[in-house]
Amino acid sequence: MLKVEPARCISGTILDENGKVPKNVETLRVLAWVEGGDGRRYTYKQARVDRKDGSYLIDGLGAKPAYVMAI
């Protein structure tokens, strides 16, 4: 018997201040921070935005709240 851990994914689209996909979208990264098990540190996962429509997907984040930033 296996016990499955909760998993979560975040997806979205990167847009500029005019609501359009940036021209340099393939150079962008999206980071998601999740609180670590001890409550004093954070772990993160990242995704590269390599689709021309500016979309991204980060999966395997677990059940804790996540903070997302595009750089």
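Asp50 sits in the loop between β3 and β4, where strands (E, at least two residues) and helices (H or I, at least four residues) are DSSP runs numbered from the N terminus. The model is a predicted one, in which local features need pLDDT of at least 70, side-chain atom pairs count only at pLDDT 80 or more, and totals for chains, interfaces and linings use all residues. Residues are numbered from 1 along each chain as its sequence is written, and side-chain values use heavy atoms, with hydrogens and water left out. With a relative accessible area of 46%, Asp50 is partly exposed; buried means under 20% relative accessible area, exposed means over 50%, and partly exposed lies in between (1.4 Å probe, protein chains only). Asp50 is 32 residues from Asn18 in sequence, and their C-alpha atoms are 20 Å apart in space.

A look at the whole protein helps to place this loop. The protein has five strands and zero helices, and from the N terminus on its elements run β-β-β-β-β. Its C-alpha trace spans about 45 × 30 × 15 Å along the principal axes. The radius of gyration is 14 Å, whereas a compact globule of 71 residues would have one near 11 Å; this radius is taken over C-alpha atoms, and the globule rule is 2.2 Å times the number of residues to the power 0.38.

Of the 71 residues in the protein, 25% are buried. The protein exposes about 5,500 Å², and carbon and sulfur atoms supply 52% of that area, as computed by the Shrake-Rupley method with a 1.4 Å probe; for residues, only the protein chains shown count as cover. Among contacts (heavy atoms within 4.5 Å) between residues at least 6 apart in sequence, 61% join residues at least 24 apart. The side chains include 12 positive and 9 negative ones, and the centres of the two sets lie 3 Å apart. Here Lys and Arg count as positive and Asp and Glu as negative, while His and the chain ends are not counted; the place of a charge is NZ of Lys, CZ of Arg, CG of Asp or CD of Glu.

Tyr56 offers a view of the interior. This residue belongs to strand β4 (residues 55-58) and is buried, because its relative accessible area is 10%. Leaving aside neighbours within four places in sequence, Tyr56 is in contact with Ile10, Ser11, Gly12, Thr13, Ile14, Val30, Val49, Arg51 and Val68. One of these partners, Thr13, is 43 residues away in sequence, yet the two C-alpha atoms are 6.3 Å apart in space.

Aromatic rings come next. Rings of Phe, Tyr and Trp (its six-membered ring) pair if their centres lie within 6.5 Å, and planes under 30 degrees apart count as stacked, over 60 as edge-to-face and the rest as tilted. By this rule the count comes to two aromatic pairs. The rings of Trp33 and Tyr44 form a tilted pair, because their centres are 6.5 Å apart and their planes stand at 45 degrees. This pair links distant parts of the chain, eleven residues apart, with Trp33 in strand β2 (residues 29-35) and Tyr44 in strand β3 (residues 42-48). Trp33 counts as partly exposed at 27% relative accessibility, whereas Tyr44 counts as exposed at 52%. The other pair, Tyr42 and Tyr67, is edge-to-face, with 6.1 Å from centre to centre and 75 degrees between the planes. Tyr42 lies in strand β3 and Tyr67 in strand β5 (residues 66-70), so that pair also links distant parts of the chain, 25 residues apart. Tyr42 is partly exposed at 45% relative accessibility, and Tyr67 is partly exposed at 48%.Beyond its ring partner, Tyr44 has further contacts in the fold. Not counting neighbours within four places in sequence, Tyr44 is in contact with Leu31, Ala32 and Trp33. The C-alpha atoms of Tyr44 and Val68, 24 residues apart along the chain, are separated by 9.5 Å.

Trp33 also appears among the contacts of Pro65. Pro65 lies in the loop between β4 and β5 and counts as exposed at 55% relative accessibility. Apart from residues up to four places away in sequence, Pro65 touches Arg8, Trp33, Val34 and Glu35.
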